[in-house]
Amino acid sequence: MKIRFLTLLLVTALLAASSCRSTGPGQPAKTVDQFFRKYEGRSGFNVTDWSAGLTARLLLLKVGSLGGDNSVTQALSAVRSVKVLTFAPTTGSSRALVAEGLNKEVDGLLASERYTPVPVTETGTAVLRYSARQQGDQVQEVVATGNVEGAPESFMLVAISGNFTQEQLQQLIKFLPKVKNEIGR
């Protein structure tokens with residue numbers, strides 16, 4: 001009886017230890033906002049928070065019009081805020097954090113918060129994975145994960161909130177890789 005109990009206790013402890021390692025340091029975040037707050041200010045992490053006021057919306061309209069596509073302009077004008085978290089590892093343990101911790105933690109929180117993966121065919125080197133949280137046909141938030149341009153072992157999380165249609169979501173997904181290099185800076 002004691003051996004079974006000790007074996008069960010050991011297995012439980014090992015599972016708990018391995019799950020902690022695979023979800024990043026500390027408690028895993030339960031929401032995208034918590035994820036940003038958890039890593040903001042930590043060494044190597046950079047968070048940029050941008051809220052779309054009137055001036056910013058006018059700038060987005062101008063940027064969208066440069067693309068010449070009215071649907072891009074409409075998608076950009078529906079953006080309320082953009083948050084970007086980047087992390088470029090410099091040590092072996094920080095590379096392991098990206099490979100085993102950050103990506104798994106984000107995948108877990110997106111699944112638990114009922115974000116839907118958005119299938120996309122990407123061209124070029126800018127590979128991003130997209131998920132969207134929606135209510136009915138309206139998309140409230142788009143989350144993109146990938147790496148910083150030119151740093152394949154890095155981590156990037158972009159959260160775009162707004163009120164988008166499905167067509168506007170597709171336009172954002174087409175537009176985001178074009179500005180990925182600028183976002184990561």
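Is Tyr39 buried or exposed? At 0% relative accessibility, Tyr39 is buried, and this residue turns up again below in a helix contact and an aromatic cluster. Welcome to this structure, which is a predicted model. The chain has 185 residues, and 39% of them are buried. The points below start with the overall layout and then move to the cores, a helix pair, the aromatic rings and a few single residues.

**Overall layout**

- The chain contains 6 helices and 6 strands.
- From start to end, these elements follow the pattern α-α-β-α-α-β-α-β-β-β-β-α.
- Among contacts in the chain with a separation of 6 or more, 62% join residues 24 or more positions apart.

**The nonpolar cores**

- In soluble globular proteins, nonpolar side chains tend to be buried together.
- The largest nonpolar core here has 24 residues, and the members that touch the most other members are Tyr130, Val142, Val158, Ile160, Phe164 and Leu169.
- Two or more residues of this core come from each of helix H4 (70-77), strand E2 (79-87), strand E4 (128-135), strand E5 (138-146), strand E6 (155-164) and helix H6 (166-183).
- Helix H6 is the biggest giver, with 5 residues in this core.
- Which residues does Phe164 touch, not counting residues up to four places away in sequence? They are Ala75, Ala78, Val79, Asp137, Gln138, Val139, Val142, Leu169 and Leu172.
- There is also a second, separate core of 20 residues, with Ala29, Leu109, Leu110 and Val143 among them.

**A pair of helices: H2 and H5**

- Two packed helices are described by the angle between their axes and the distance between the axes.
- The axes of helix H2 (residues 32-39) and helix H5 (residues 92-112) come within 10 Å of each other, crossing at roughly 155 degrees.
- Angles over 145 degrees count as roughly antiparallel, and H2 and H5 are therefore roughly antiparallel to each other.
- On the H2 side, the contact is made by Val32, Phe35, Lys38 and Tyr39; on the H5 side, Leu102, Glu105, Val106, Leu109 and Leu110 take part.
- Sorted by class, this contact of H2 with H5 has 7 nonpolar, no polar and 2 charged residues.

**Aromatic rings**

- A pair of aromatic rings is described by the distance of the centres and the angle of the planes.
- How many aromatic pairs are there? The count comes to 4 aromatic pairs.
- Phe35 and Tyr39 form a tilted pair, at 4.8 Å centre to centre and with 55 degrees between the planes.
- These two residues are 4 residues apart in helix H2, so about one helical turn separates Phe35 from Tyr39.
- Phe35 is buried, with a relative accessible area of 0%, and Tyr39 counts as buried at 0% relative accessibility.
- The rings of Phe45 and Phe87 have centres 4.2 Å apart and planes at 15 degrees, so this pair is stacked.
- Phe45 belongs to strand E1 (residues 45-51) and Phe87 to strand E2, so their pairing ties together parts that are 42 residues apart in sequence.
- Phe45 and Phe87 are both buried.
- One aromatic cluster is formed by Phe35, Tyr39, Phe45, Phe87 and Phe155.

**Single residues to look up**

- Ser154 sits in the loop between E5 and E6 and is buried, with a relative accessible area of 4%.
- Leaving out residues up to four places away in sequence, Ser154 touches Phe87, Ala88, Pro89, Val98, Gly146, Asn147 and Val148.
- Ala99 is in helix H5 and is exposed, with a relative accessible area of 53%.
- Ala99 and Glu153 are 54 residues apart in sequence, while their C-alpha atoms are 7.8 Å apart in space.
- Pro117 lies in strand E3 and is exposed, with a relative accessible area of 61%.
- Pro117 is in contact with Tyr130 and Ser131, leaving aside its neighbours within four places in sequence.
- From C-alpha to C-alpha, Pro117 and Ala132 are 6.5 Å apart, with their positions 15 residues apart in sequence numbering.

**An unusual backbone angle**

- Most residues other than glycine have a negative phi.
- Arg114 has a positive phi of about 60 degrees although it is not a glycine.
- Arg114 is located in the loop between H5 and strand E3 (116-118) and is exposed, with a relative accessible area of 71%.

Note on methods:
Residues numbered from 1 in each chain as written. Predicted model: local features only at pLDDT ≥ 70, side-chain atom pairs only at ≥ 80, totals over all residues. Heavy atoms only, no water. Core = buried A, V, L, I, M, F, W, Y, C linked by side-chain atoms within 4.5 Å. Buried < 20%, exposed > 50% of the residue type's maximum accessible area, 1.4 Å probe, protein only. Contact = heavy atoms within 4.5 Å. Axes fitted to C-alpha atoms, helices over the stretch in contact; angles between N-to-C directions. Parallel < 35°, antiparallel > 145°, perpendicular 65-115°, else oblique. Nonpolar A, V, L, I, M, F, W, Y, C, P; charged D, E, K, R; others polar. Phe/Tyr/Trp six-rings, centres within 6.5 Å; stacked < 30°, edge-to-face > 60°.
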